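Let's take a walk through this one together. Have the sequence and the coordinates open, and follow along from stop to stop.

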Amino acid sequence: MAEAFKHVVDGDGTVCRAAVCGMSAPEEACIARAFCIQCKLPVAGLWGRLIQTLVRYVNDHWQGHHGLAWSFWVNLVLIRVLVFLAQEWISPATGHVSIDCNALIPALVLVFHGILFFWQVIGVLRAAGFHVRSSGSMAPVWGVQMAVIVAFFWTISYTIEAWQITLPASDKVPSQAELNAERAAKYNIEPSVDGRSLTLTGSLELGITARLKDQLEVHPNVEQIVLASTGGNIYEARGLANAIRQNGLNTKVIGECSSACTTVFIGGAERRLASGGKLGFHQYRIDADYAVLNADPVREQTRDRAIFLASGVAIWFVDKMFDSDASEMWFPEISELIDARVVTAAPIQSTD
């Protein structure tokens, strides 16, 4: 049927080209610069055509009119990945763009993880239904259904992550640098004037092994590690003992060396006590006000028994090391330490 065209002008002067089948378009046909009421044709121009194309595309997917492959790979997978990447980019943790408006984030979540995702899923499932009716093949449909389930849980995780962005950062949570500084303040490693020894005092905290290794590189002439510590982290103690053993260093105690410190001491090639020095032993305990996963004090004691035995300590002494309760301390006599080969020389007067 031949079409008659008539230009009508809306209230603000915009020209609307209305296609009228056998009639002239009334002036009211041009509305909001976009569509003609009677024939629903777009305003001439790029934006009008883009809007019409987008609306048609959205509707076609919603109705399941796109092929299954296109609906799945483009409308579901590609668009969902782009949404996830966009969220990663605006997340404050990535250091790119930080969204401070807490009201905006829920709105974006509703649009992209709610309405958009619902549109994606419904269109894919309807396309899958058309695929079954046209081909009778169920295998691709099963794959699509599994992928939709995965996408659902993935979207849920990103929704939770987006919600966490809106939570205020707690001032009580210290940074890793602050934690490291706090731990480092609990111990000290100082070189002697002649550079032949390092004195380790304080608690055996996380990071102390790395600190000792750094000091050994700075002071290559070190021959001896002087100890004065009431213990700490047993894993760090073993790390210190290994570093001492690998470098063939001697150990000496000034004052008290107890609990995990004794494991450090036993790593020395030659092991001595300064005048007044003493070694203290007791059962291990978990010194934390929170649950420590996979922590077993008895198992750790067994490991350190093996370390003492490998260092030449008598078995009768090793059998007594952990007899004292965790709240108590056993300080063996110097004669016992020498007889058991825990200490390899008599006490010395010098503390250098």
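**A walk along the chain**

Val141 counts as buried, because its relative accessibility is just 5%. You'll find Val141 in helix 4. Keep in mind that you're looking at a predicted model. If you set aside the neighbours within four places in sequence, Val141 is in contact with Ala128, His131 and Val132. Gly129 is worth picking out too: its C-alpha atom and that of Val141 are separated by 8.0 Å, with the two positions 12 residues apart along the chain.

Stay on helix 4, which covers residues 139-165, and slide along to Ile156. This residue is partly exposed, since its relative accessible area is 38%. Ile156 belongs to a nonpolar surface patch of about 820 Å², together with Met146, Ile149, Phe152, Phe153, Ile160, Trp163 and Leu167. So helix 4 gives us a buried residue in Val141 and a partly exposed one in Ile156.

Now hop to helix 3, residues 104-135, and look for Leu110. Leu110 counts as exposed, because its relative accessibility reaches 53% and the bar for that label is over 50%. From Leu110 to Thr159 the C-alpha distance is 9.2 Å, and the two are 49 residues apart in sequence.

Time to step back for the overall view. The chain has 11 helices and 10 strands. It runs to 352 residues, 35% of which count as buried. Among contacts with a separation of 6 or more, 57% are between residues 24 or more positions apart. As for the outside, the accessible surface comes to about 20,300 Å², and carbon and sulfur atoms own 61% of it.

On to the charges. How many salt bridges does the structure hold? The count is eight. Start with the one between the side chains of Glu223 and Arg196, at 3.0 Å from N to O. Glu223 sits in the loop between helix 6 and strand 7 (224-229), while Arg196 sits in the loop between strand 5 (187-191) and strand 6, so this pair ties together parts that are 27 residues apart in sequence. Neither partner is fully tucked away: Glu223 is partly exposed with a relative accessible area of 39%, and Arg196 is partly exposed too, at 43% relative accessibility.

For a buried pair, turn to Arg238 and Asp304, which form a salt bridge whose closest N and O atoms are 2.8 Å apart. This one links distant parts of the chain, with Arg238 in helix 7 (residues 234-246) and Asp304 in helix 9 (residues 297-310), 66 residues apart. Both Arg238 and Asp304 are buried. Follow the salt bridges outward and you get a network that links Arg238, Arg299, Glu300, Arg303 and Asp304.

Next along helix 9 is Arg305, whose side chain meets that of Asp319 in a salt bridge of 3.2 Å, N to O. Asp319 lies in helix 10 (residues 315-320) and Arg305 in helix 9, so the bridge ties together parts 14 residues apart in sequence. Here the partners are partly exposed: Arg305 has a relative accessible area of 25%, and Asp319 comes in at 41%.

What about a charged residue that is buried yet has no salt bridge? That's Glu205, and its nearest side chain of opposite charge, Lys186, is 4.4 Å away. A salt bridge needs the atoms within 4 Å, so a gap of 4.4 Å doesn't qualify. Glu205 isn't without a polar partner, though: its side chain makes a polar contact with the side chain of Ser203, at 2.7 Å. You'll find Glu205 in the loop between strand 6 (197-202) and helix 6 (208-218). Beyond its neighbours within four places in sequence, Glu205 is in contact with Arg183, Lys186, Tyr187 and Glu236.

Last stop: the backbone. Most residues other than glycine have a negative phi. Ser259 has a positive phi of about 55 degrees, though it is not a glycine. It sits in the loop between strand 8 (250-258) and helix 8 (261-265), and it is buried, with a relative accessible area of 14%. Arg341 is another non-glycine with a positive phi, of about 65 degrees. Look for Arg341 in the segment after helix 11 (334-339), where it is partly exposed with a relative accessible area of 46%.

Definitions and conventions
Residues are numbered from 1 along each chain as its sequence is written. This is a predicted model: local features need pLDDT of at least 70, side-chain atom pairs count only at pLDDT 80 or more; totals for chains, interfaces and linings use all residues. Side-chain values use heavy atoms; hydrogens and water are left out. Helices (H or I, at least four residues) and strands (E, at least two) are DSSP runs, numbered from the N terminus. Buried means under 20% relative accessible area, exposed over 50%, partly exposed in between (1.4 Å probe, protein chains only). Lys and Arg count as positive and Asp and Glu as negative; His and the chain ends are not counted. A polar contact is a pair of N or O atoms within 3.5 Å; within protein, one must be able to donate a hydrogen and the other to accept it, and residues adjacent in sequence count only if both atoms are side-chain atoms. Contact means heavy atoms within 4.5 Å. Patches are made of residues with over 30% relative accessible area and no salt bridge: like charges are joined within 9 Å, nonpolar side chains (Val, Leu, Ile, Met, Phe, Trp, Tyr) within 5 Å. Accessible areas come from the Shrake-Rupley method with a 1.4 Å probe; for residues, only the protein chains shown count as cover.
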